[in-house]
Amino acid sequence: MGANSSSISELPENEYLKKLSGAEPISENDPFWNQLLSFSFTTPTNSAELKLLEEATISVCKSLVEKNPRTGNLGSLIKVFLSRTKELKISAECQNHLFIWQAHNALFIICCLLKVFISRMSEEELQLHFTYEEKTPGSYGTECEDLIEELLCCLIQLIVEIPLLDITYSISLEAVTTLVVFLSCQLFHKEILRESLIHKYLMHGRCLPYTSRLVKTLLYNFIRQERSPPPGTHVFQQQTDGGGLLYGIASGVATGLRTVFTLGGVGSKATPQLEQCSPLAHQSLLLLLVLANLTDAPDTPNPYRQAIMSFKNTQDSSAFSSSNPHAFQINFNSLYTALCEQQRSDQATLLLYMLLHQNGNVRTYVLARTDIENLVLPILEILYHVEERNSHHVYMALIILLILTEDDGFNRSIHEVILKNITWYAERVLTEISLGSLLILVVIRTIQYNMTRTRDKYLHTNCLAALANMSAQFRSLHQYAAQRIISLFSLLSKKHNKVLEQATQSLRGSLDSNDSPLPDYAQDLNVIEEVIRMMLEIINSCLTNSLHHNPNLVYALLYKRDLFEQFRTHPSFQDIMQNIDLVISFFSSRLKQAEAELSVERVLEIIKQGAVALPKDRLRKFPELKFKYVEEEQPEEFFIPYVWSLVYNSAVALYWNPQ
């Protein structure tokens, strides 16, 4: 590159890049490195320009792959970077812009080269490229065998030790991204990587003591959402008597290169405003998710996952467990605020899931918050806009709700939170509604969407489980929420009748023809009947535990009482129908005793009076509905591909073209 480079198109002919990738070995002490690392060119600002950058440098990278076994220039470049990082902390404190700029540029080149090396060779071959030296062509020595570990450890030290300032923002971002690139071997393997050289370095040896500090720093990067400094922050001018030589720092390059562009597939639609403002927060979260989902070593559990599972609030003065050396403390209030504000992205939702599922300290803190609506409302918006989200994001949001509804305190408190004017809910104007009723509306809408579009049994099961967990604590259900519960039952009833009719017709047709195979209507019928029973159990749970709190649900039941007639004698539903039938009969009788013309208000008044008069011992008690989220037996089979799909659809995706 060098100071003379001014545009991407000139890079293939750049004399310094040609020398780096050429046949001549370059000593780490050669003045060439100062020239190479003093480059400046126009910052790419979109995916098209980033693609041009890759195309412009691919010939240089290929040449280095071919020549490096004889020159060892990759190792020399890395040693130059390592030597300069030793003074980075002092340089930051002394505002030594030029020193930091060149260190950043060295790391930027290393990152670009790594991308090509990793995409074209195995980890074993990559390790060899780190060990080639300026000796006999093709030879390598023992003193350089740990250069990969040294570079990894240096990157981690850079992230956790260098203060985050305007002049260090770009190199911190580049260090985080380079670690993601180092771990990107998974992108080029169809199977889950369970034994990896890079994993081994990160989970053992010199990197291991930095585990908790790295996780903590990445979390704080996510929490703080530090904006990328303005481009003018990194322009230096060397004053001389003969005029000035302008050095434009390429920090903007890193910012541009790491800006998120969703390329389709599993990632959600891009939220460029959020991600461009804080590329470091975005990349830090990606790295955190990747580290947390590394597979356990044969002899050691993943230390990064252990750190995430065990960190505590800064206000928690209890002693750390001696069994977990990676525990640390973080400000839970700041973390909670960031999680509430960032739920538009898959990554933040996945982090929230991990913390609620794996870290009991975080789960307890979240459930104790008095402003739980700040967290729940963004999750409900994800589910409400299910058509615009990928299935993984919807699953994560739904599982978060399921985990939250396992707590009875949560189920009670959400009905005490009154919301005003929910503008994103388009089906009906909701000027005032409880958080609990809104949650019911959104979950029911998700079920109905699933019934007509995706027909995913897993989605159905988790939606119904969340409703079932809440059902005993339903309080003051909104009129519309009560209507939607009964409407969902009506939809299921119609579907049940349709499948039953199809099964009957198919059976009749089979009597005339023995050759045609019968559709498996029995299985469809069983699935629908399972869902119907679940809905009946949810309604029954509410009536049994909180009848007097829910006159609107009783009203909706009475209004659609005919729906339940066909299930009174059905062998699969007879037991659960007893209470519902009793409630319908009891209140129907009280309404008949009143005058013929009854307003809605008068009916509700009679229902409220009847709820007090109905003897509770007449309602049969059933086991409490409680469902707990249980992770799959091999969660890595889901989460590792999901995390890497997020990486691929993110900024780093612009550096890869997996075949």
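In this predicted model, Asp 296 and Arg 305 form a salt bridge whose closest N and O atoms are 2.9 Å apart. Asp 296 is partly exposed, its relative accessibility being 39%. The structure holds 15 salt bridges, three of which are described in this report.

A second pair consists of Arg 194 and Glu 637, with 2.9 Å between the closest N and O atoms. Arg 194 lies in the loop between helix H9 (169-182) and helix H10 (197-203), whereas Glu 637 belongs to helix H29 (residues 636-648); the salt bridge therefore ties together parts that are 443 residues apart in sequence. Arg 194 is partly exposed, with a relative accessible area of 38%, and Glu 637 is likewise partly exposed, at 41%.

A third salt bridge joins the side chains of Glu 387 and Arg 445, at 3.6 Å from N to O. This pair links distant parts of the chain, 58 residues apart: Glu 387 is in the loop between helix H19 (373-384) and helix H20 (391-404), and Arg 445 is in helix H22 (residues 435-452). Glu 387 is partly exposed, with a relative accessible area of 42%. Arg 445 counts as buried because its relative accessibility, 17%, falls under the 20% limit. Both residues also belong to a network of salt bridges that includes Glu 427.

The N to O distances of the three pairs are listed below.

| Salt bridge | Closest N to O distance |
|---|---|
| Asp 296 and Arg 305 | 2.9 Å |
| Arg 194 and Glu 637 | 2.9 Å |
| Glu 387 and Arg 445 | 3.6 Å |

Note on methods:
Residues numbered from 1 in each chain as written. Predicted model: local features only at pLDDT ≥ 70, side-chain atom pairs only at ≥ 80, totals over all residues. Heavy atoms only, no water. Salt bridge = Lys/Arg side-chain N within 4 Å of Asp/Glu carboxyl O. Helix = DSSP H or I, 4+ residues; strand = E, 2+ residues; numbered from the N terminus. Buried < 20%, exposed > 50% of the residue type's maximum accessible area, 1.4 Å probe, protein only.
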